Amino acid sequence: MKTAVRYYSKLGNTKRIAEAIAEGAGVKAVSVTEEPDLAEYVDVLFLGGAPYANIMAPELRAYAEKLSADQVGRAILFTTSNWSRRTVRALKKELRAKGIPVDEKYFYAHMTRIKARTDAAKDFTRKMLE
Ligand SMILES: Cc1cc2nc3c(=O)[nH]c(=O)nc-3n(C[C@H](O)[C@H](O)[C@H](O)COP(=O)(O)O)c2cc1C
């Protein structure tokens, strides 16, 4: 099973969670700014970001808009924020509209609890991939 982890992170919080998820999945976390396109088909795509003034970063939105159902078997989302889950809702809507299945379960870490949540992110990933 091919798994990929992609994220956008301005301040580093989502990056740290993405790296924990990637560790759980045994792959590398890659920023959407580093690789703006998903090069090959993946069975599972972990995709995450954060809200800035209530909206996701344009870089992450552009990435989600470019994805197609023939590139991704299933998407699993993650987000970090002060309170909002909006990034997950918006990504879910965007991906489902394209016919990409998105799990209802997603991973959330509050911006003040990133370090404390990295083990939970790894466990979440392993369970989701069982
Ligand atoms: C300019 C700015 C705007 C933000 N706006 C929101 C917001 O609207 N809602 C929220 O819950 N968190 C907000 N946050 C908190 C970030 O979403 C949070 O710090 C997140 O973990 C940042 O992720 P990153 O470190 O991966 O960039 C904001 C942070 C910044 C710097």
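Me: A polar contact is a pair of N or O atoms within 3.5 Å. Which part of K10 lies 2.8 Å from an oxygen atom of the ligand?

Reply: A backbone N or O atom of K10 does. First, a caution. This is a predicted model, with local features needing pLDDT of at least 70 and side-chain atom pairs pLDDT 80 or more, while totals for chains, interfaces and linings use all residues. Residues are numbered from 1 along each chain as its sequence is written, and side-chain values use heavy atoms, without hydrogens and water.

Me: How many residues surround the ligand?

Reply: Surrounding means having a heavy atom within 4 Å. Here 17 residues do so. The closest are S9, N13, T14, Y52 and T80. S9 brings a polar side-chain atom to 2.6 Å from a ligand oxygen. W83 places a backbone N or O atom 2.8 Å from an oxygen atom of the ligand.

Me: What does K10 lie over?

Reply: Look for a charge above a ring (NZ of Lys or CZ of Arg within 6 Å of the ring centre and within 35 degrees of the ring normal). K10 lies over the face of Y52, 4.9 Å from the ring centre. R85 gives another case: its charged end sits over the ring of Y108, 3.6 Å from the centre.

Me: How many aromatic pairs does the structure hold?

Reply: Rings of Phe, Tyr and Trp (its six-membered ring) pair if their centres lie within 6.5 Å; planes under 30 degrees apart are stacked, over 60 edge-to-face, the rest tilted. This structure holds two such pairs. Y8 and Y52 form an edge-to-face pair, with 6.4 Å from centre to centre and 90 degrees between the planes. Y8 lies in the loop between strand 1 (3-7) and helix 1 (13-25), and Y52 in strand 4 (residues 51-52), so this pair ties together parts 44 residues apart in sequence.

Me: And how are the rings of F107 and F124 placed?

Reply: Their centres are 5.5 Å apart and their planes stand at 50 degrees, so the pair is tilted. F107 belongs to strand 7 (residues 107-110) and F124 to helix 4 (residues 118-128). The pair therefore links distant parts of the chain, 17 residues apart. Helices (H or I, at least four residues) and strands (E, at least two) are DSSP runs.

Me: Is F107 buried or exposed?

Reply: Go by relative accessible area: buried is under 20%, exposed over 50%, partly exposed in between (1.4 Å probe, protein chains only). F107 is buried, at 4%. F124 also counts as buried, at 13%. Turn back to Y8: it is buried too, at 9%.

Me: Which residues are buried in helix 1?

Reply: N13, T14, I17, A18, A20, I21, A22, G24 and A25. Their cover includes strand 1, strand 2 (29-31), strand 3 (42-49), strand 6 (72-81), strand 7 and helix 4. Just after helix 1 comes G26, with a positive phi of about 75 degrees.

Me: Where is A53, and what is its phi?

Reply: A53 sits in the loop between strand 4 and strand 5 (55-56). Its phi is near 50 degrees, a positive value in a residue other than glycine. A53 is exposed, with a relative accessible area of 80%. N54 is found in that loop between strand 4 and strand 5 as well. N54 also has a positive phi, near 75 degrees. At 38%, N54 is partly exposed.

Me: What is T3 in contact with?

Reply: Contact means heavy atoms within 4.5 Å. Beyond its neighbours within four places in sequence, T3 touches A25, V27, V42, V44, F46 and L129. T3 is in strand 1. It counts as buried, at 11% relative accessibility.

Me: And M128, at the other end of the tour?

Reply: M128 is in helix 4. It is buried, with a relative accessible area of 9%. Setting aside neighbours within four places in sequence, its contacts are R74, I76, D103 and K105. M128 and R16 are 112 residues apart in sequence, and their C-alpha atoms are 19 Å apart.

Me: Where is K115 found?

Reply: In the loop between strand 7 and helix 4. K115 is exposed, with a relative accessible area of 73%. K115 and A20 are 95 residues apart along the chain, with 9.8 Å between their C-alpha atoms.

Terms used:
A polar contact is a pair of N or O atoms within 3.5 Å; within protein, one must be able to donate a hydrogen and the other to accept it, and residues adjacent in sequence count only if both atoms are side-chain atoms.
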